[in-house]
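Please read the sequence and the structure below side by side, since the paragraphs that follow move from the whole chain to single helices and then to individual residues.

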Amino acid sequence: DDAKPQDLIRLVSPLLKSWSFWLACACNFGLTLIRESFNFWTPTFLKESTGLNAGEAAISSLLFPLVGAVSALAAGFLSDRIGRNHGKISVPAIVLLVISLCVLSVTPVAGKPWLALSLICAVSFFLIGPYSLLSGVVPLDLGGKSGSATATGLIDSAGYLGAIISGTGIALIAEEYGWRGAFQFLAVCGAFTCLAAIAFWWHHEKSSKASVQDGDETTNDPS
């Protein structure tokens, strides 16, 4: 709520000192890694593991962003209903995301493209909602009136550091350990992201309660 800072250092400094900001960066790193892995590798996975030809695999992979769009809308609707307590949406969704990745890693899908697509849709639904919050309303909360665009850019940049791993990194894991190993790796990434989301939720709740108490004290101050 402060006036516009005089320079970039004064603008960025409060963010760099904020645990909530770093936890949001960690969450976006993990979720973007998973998101970009599926965006890039879903057609290859479907072709190699389910028996679909290249064209069918490419068309079927469109379900991932389609379901993701529904998830983003649902997350936005719930966020408006709940308020700024985004952890109530993100943490349960990321827990279900990790479960979906674990199930996908152990389920035989050879000759069962619809089973594979169902699990991929589950991953998308539980992934894109929290991801959309981290790319939108969370930076607005953290950056306030003077630094929301900067917070958005920095948190998004942390996410795309994760996206770098989704290319060659996933390729190396899949080549060495198969798609089961790749999905297990993503599940582990999701688990660490879930821990960061829980810590963000706890820290954000703590900060919000402290702000409310400070506001009450100011309101009740006779001066």
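How much accessible surface does the protein chain have, and what percentage of it belongs to carbon and sulfur atoms? In this predicted model, the accessible surface of the protein chain comes to about 12000 Å², and carbon and sulfur atoms account for 65% of that area. The chain has 223 residues, of which 43% are buried. Its secondary structure consists of eight helices and zero strands, so that, read from the N terminus, the order of elements is α-α-α-α-α-α-α-α, a reading that rests on helices being counted as DSSP runs of at least four residues. When contacts between residues at least 6 apart in sequence are considered, 79% of them join residues that are at least 24 apart.

Helix α4 is a convenient place to begin with the individual elements. The helix covers residues 63–82, which is 20 residues, and the distance from its first C-alpha to its last is 28 Å, close to the 28 Å expected at 1.5 Å a residue. Its buried residues are Phe64, Val67, Gly68, Ser71, Ala75 and Ser79. Seen down the axis of α4, these buried residues fall within an arc of 115°, and therefore they line one face of the helix. The spacing that makes such a face possible is a general one: because an α-helix has 3.6 residues a turn, residues three or four places apart point the same way. On the face of α4 turned away from the buried side, the exposed residues are Leu66, Leu73, Phe77, Asp80 and Arg81.

Helix α5, residues 87–106, also has 20 residues, which should span 28 Å at 1.5 Å a residue, and the 29 Å between its end C-alpha atoms agrees with that expectation. The buried residues of α5 are Gly87, Ile89, Ser90, Val91, Ala93, Ile94, Leu97, Val98, Ser100, Leu101, Leu104 and Ser105. Ser105, which is found in this helix, counts as buried because its relative accessibility is 6%, a value under the 20% limit. Leaving aside neighbours within four places in sequence, Ser105 is in contact with Arg180, Phe183 and Gln184.

Other residues of α5 are met again from the side of helix α6, residues 113–134, where Phe126 is found. Not counting residues up to four places away in sequence, Phe126 touches Ala93, Ile94, Leu96, Leu97 and Ser100. The C-alpha atoms of Phe126 and Ile89 are 9.9 Å apart, although the two residues are separated by 37 residues in sequence.

In helix α7, one may look at Val137, which is partly exposed because its relative accessible area of 31% lies between the limits of 20% and 50%. Beyond the residues up to four places away in sequence, Val137 touches Ser79 and His86, and Ser79 has already appeared among the buried residues of α4. Val137 and Thr152 are 15 residues apart along the sequence, while their C-alpha atoms are 9.0 Å apart in space.

Helix α7, residues 137–165, also contributes three residues, the largest share, to a nonpolar patch. This surface patch is formed by Phe29, Leu161, Ile164 and Ile165, which together have about 360 Å² of accessible area. Ile164, a residue of α7, is exposed, with a relative accessible area of 61%.

Is Ile170 buried or exposed? Ile170, found in helix α8, residues 168–220, is buried, with a relative accessible area of 2%. Setting aside residues up to four places away in sequence, Ile170 touches Ser37, Trp41, Ile165, Ala182, Phe185 and Leu186; one of these, Ile165, is also part of the nonpolar patch. Ile170 and Trp41 are 129 residues apart along the chain, and the separation of their C-alpha atoms is 8.5 Å.

Finally, there is the matter of charge. Side chains of opposite charge can pair when their charged atoms come close. The structure holds one salt bridge, formed by Arg35 with Glu36, whose closest N and O atoms are 2.5 Å apart. Glu36 counts as buried, because its relative accessibility is 19% and the limit for that class is under 20%.

Conventions: Residues numbered from 1 in each chain as written. Predicted model: local features only at pLDDT ≥ 70, side-chain atom pairs only at ≥ 80, totals over all residues. Heavy atoms only, no water. Patch = residues over 30% accessible without salt bridge, like charges linked within 9 Å, V, L, I, M, F, W, Y side chains within 5 Å. Areas by Shrake-Rupley, 256 points an atom, 1.4 Å probe, with all protein chains shown as cover. Salt bridge = Lys/Arg side-chain N within 4 Å of Asp/Glu carboxyl O. Helix = DSSP H or I, 4+ residues; strand = E, 2+ residues; numbered from the N terminus. Buried < 20%, exposed > 50% of the residue type's maximum accessible area, 1.4 Å probe, protein only. Expected span 1.5 Å × (residues − 1). Arc of directions from axis to C-beta. Contact = heavy atoms within 4.5 Å.
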